[in-house]
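I opened this model to look through its helices, its core and its cysteines. My notes follow in the order I took them.

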Amino acid sequence: MTQPAQVARCPESGIFFPSPITRIPVELHYSDAEMAAMRLGFIPMSMDDKWCLFFEGDRLYFVRSWTGCVLYQLAFRRETADWVAREVIACRDENWYRFTDFDDPDHHDMAQAQFLIDVLLLRDPDALERMGDVGPLGAVQLWTQIGRAMLKPGDPQPSGPGPGVERAPKASP
């Protein structure tokens, strides 16, 4: 089967994968249709888009969009009817990765990588719903993780001061 050409690619300059890294065993299965959608990648359009996701060969890179730091990498291979990833390679450099204080950072990374695939690449409308009500603090944390992708179509896009914030009167010419 011919693989579709990759569409998305982060700029070549400035992308780096700091060390140390860790290797986390996973078993993620995707169909041909899902893989075709994933290979389109996700390119940030503004500072409110937190990630750049792209394929190079059969490797999916998860790059923080405004630092160029690769936080995750998954290698896919064809197995019977599915595309399968068996390992997440994750950054553990504390200068770039701030989730080492979790009880189980490996579980966090595996879940984060899968969540980013669901939200940014597969555009699964139920991915955010499965999280339930995250509350105000959870909403802020979610914004820092996925930015505008947390907004549903039709939600107001962020611009200007929030509700209840007085705008200064415009000076007359």
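**Helix H2**

I started with the span of H2 in this predicted model. H2 has 17 residues and runs 23 Å from its first C-alpha to its last. That is close to the 24 Å expected at 1.5 Å a residue.

Next I asked how many of the residues of H2 are buried. I got 12 of the 17, so H2 is largely enclosed by the rest of the structure. I listed the buried ones from the start of the helix: Pro105, His108, Asp109, Gln112 and Ala113 are among them. Further along, the buried residues include Phe115, Leu116, Ile117, Asp118, Val119, Leu120 and Leu121. I noted charged names in the list and moved on to what comes after the helix. H2 is followed by Arg123, and its phi is positive, near 50°.

**Gln112**

I picked one residue of H2 for a closer look. Gln112 lies in this helix, which covers residues 105-121. Is Gln112 buried or exposed? Its relative accessibility is 8%, so Gln112 counts as buried; the cut-off is under 20%.

Then I looked up what Gln112 touches. Leaving out residues up to four places away in sequence, I found Trp51, Tyr72 and Gln145. I checked the pair with Gln145 further. Gln112 and Gln145 are 33 residues apart in sequence, and their C-alpha atoms are 9.1 Å apart in space.

**Helix H1**

I turned to H1, residues 32-39, and asked which of its residues are buried. They are Met35, Met38 and Arg39. Seen down the axis of H1, these buried residues fall within an arc of 95°, so they line one face of the helix. I recalled the general rule: an α-helix has 3.6 residues a turn, so residues three or four places apart point the same way.

What do the buried residues of H1 pack against? I found strands S1 (21-30), S2 (51-56), S3 (59-64), S4 (70-79) and S5 (82-91), and also H2. Just after H1, I noted Gly41 with a positive phi of about 75°.

**Nonpolar cores**

I looked up the largest nonpolar core, which has 32 residues. Met38, Leu53, Leu60, Phe62, Leu74 and Phe76 touch the most other members. S1, H1, S2, S3, S4, S5, H2 and helix H3 (126-129) each supply at least two residues of this core. H2 gives the most, with seven residues. Apart from this core lies another, of five residues, among them Phe54, Tyr61, Val63 and Val70.

**Cysteines**

How many disulfides are there? I counted zero. Cys69 is in no disulfide, and the nearest cysteine sulfur, that of Cys91, is 4.7 Å away. That distance is too far for a bond, because a disulfide needs the sulfur atoms within 2.5 Å. I also checked burial. Cys69 has 0% relative accessibility and counts as buried. Cys91 also has 0% and counts as buried.

**Whole chain**

I closed with the chain as a whole. I counted four helices and five strands. Along the sequence, the pattern reads β-α-β-β-β-β-α-α-α. Of its 173 residues, 38% count as buried. Among contacts between residues at least 6 apart in sequence, 56% join residues at least 24 apart. The accessible surface comes to about 10500 Å², and 56% of it belongs to carbon and sulfur atoms.

Technical notes
Residues are numbered from 1 along each chain as its sequence is written. This is a predicted model: local features need pLDDT of at least 70, side-chain atom pairs count only at pLDDT 80 or more; totals for chains, interfaces and linings use all residues. Side-chain values use heavy atoms; hydrogens and water are left out. Buried means under 20% relative accessible area, exposed over 50%, partly exposed in between (1.4 Å probe, protein chains only). Contact means heavy atoms within 4.5 Å. Accessible areas come from the Shrake-Rupley method with a 1.4 Å probe; for residues, only the protein chains shown count as cover. The arc is that of the directions from the helix axis to the C-beta atoms. A nonpolar core is a set of buried Ala, Val, Leu, Ile, Met, Phe, Trp, Tyr and Cys residues joined through side-chain atoms within 4.5 Å. The expected span of a helix is 1.5 Å times one less than its number of residues.
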